[in-house]
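User: I'm new to this structure and would like to understand the reasoning behind its labels. Could you take me through it?

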Amino acid sequence: MHILICEDSVEGILTGIYRACEWHLEPEDTRIQIGEAGNLQLFAEYHTVEPNAETAGKVIRSIRAKLGDEVAYDLHNAMASADEEKGDAVYHTVVMAYAGKGCSVMNCLQNDYVRKVSELSRNVWCETHHLYGFLRFEELASGVLYASISPKNHILAMLAPHFADRFPLENFVIHDVKRQLYVVHPRKQDWYMIHATEEQNPDAGQQGKNMQLSEREDFIQSLFRHFVSTISIEDRKNTDLQRNLLPLRFRPFMTEFRTTKNENG
């Protein structure tokens, strides 16, 4: 058994797939594992794979050319998942596709690996589209729009193009507080992503609590919370339905579910 230890990233997994093919490893005796080795298996050979952007690019271009954009989309979504088994599922799905299934590989849901990729892709897609609507920007005193989120999956790079397309004239930042990642979008320019550790920024995981809002933003937030509270009808309150439509994990980052010191008295 050969176990390839790869970085938890799209680039890392694609590099692992490339190395498995380059080293002519038999798929049935090969696994791709995300992160550290963990509990070691007897009679297994471990290989640490360093991510390589050029190598990963070759793999994704080959997948798009031979399997099509739809398959590439599902595989990319699955690699953005937080699931620890995603690397192995993607690898064996790609092997199966190249072995003859081709563009129709995602229809083979009787296969455990393909079914896993399909489930992970759908989960990532759902969370991304949830945050298209649930993400809340706040205007800081500097005029920059700031939003904080804590998604289960690694979807920051999927959110960035959506908001860059809608706010091309705004300076904005989207902060993934769970992974300490930031998407930075300067007005009229392309967005980019940066990683800030706690050593570099002690407040990196604080959801922007120490950031000063503009006076206009503070006033509008108070009005919005009052509006939401006013239009609610207590007799028609359905908490189960609310949780289905708006999961609790999104609410700490949404304006309408937060209160200010003044509102608390």
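**How the labels are earned**

Analyst: Happy to! This is a predicted model. A good place to start is strand β1 (residues 2–6), which pairs with β2 in the parallel sense over five bridges.

User: What makes β1 and β2 count as a pair?

Analyst: Two strands pair if at least two bridges are found between them. β1 and β2 have five bridges, so they meet that cut-off. In this pairing, His2 stands opposite Thr30 in β2.

User: Which strands are the edge strands of the sheet, and why?

Analyst: The open sheet has three strands in the order β2-β1-β3, with parallel pairing. Its edge strands are β2 (30–34) and β3 (45–48), as each pairs on one side only. From one strand to the next, the twist averages 25 degrees.

User: What packs on this sheet?

Analyst: Helix α1 (residues 10–22) does, touching β1 and β2. Its direction makes about 150 degrees with that of β1.

User: How do you know that the span of helix α5 agrees with its number of residues?

Analyst: Helix α5 (residues 112–134) has 23 residues, so at 1.5 Å a residue it should span 33 Å. Its end C-alpha atoms are 33 Å apart, which agrees.

User: Why is Asn111 called a cap of α5?

Analyst: A side-chain oxygen of Asn111 lies 2.9 Å from the backbone nitrogen of Tyr113, at the N-terminal end of α5. A polar contact needs such atoms within 3.5 Å, so this pair qualifies.

User: What do the buried residues of α5 pack against?

Analyst: They pack against α3 (69–79), α4 (86–101), β5 (145–149), α6 (156–166) and α8 (239–245). Among the buried residues are Val114, Leu120 and Phe134.

Notes
Residues are numbered from 1 along each chain as its sequence is written. This is a predicted model: local features need pLDDT of at least 70, side-chain atom pairs count only at pLDDT 80 or more; totals for chains, interfaces and linings use all residues. Side-chain values use heavy atoms; hydrogens and water are left out. Helices (H or I, at least four residues) and strands (E, at least two) are DSSP runs, numbered from the N terminus. Axes are lines fitted to C-alpha atoms, for helices over the stretch in contact, and angles run from 0 to 180 degrees between N-to-C directions. Contact means heavy atoms within 4.5 Å. The expected span of a helix is 1.5 Å times one less than its number of residues. Buried means under 20% relative accessible area, exposed over 50%, partly exposed in between (1.4 Å probe, protein chains only). A polar contact is a pair of N or O atoms within 3.5 Å; within protein, one must be able to donate a hydrogen and the other to accept it, and residues adjacent in sequence count only if both atoms are side-chain atoms.
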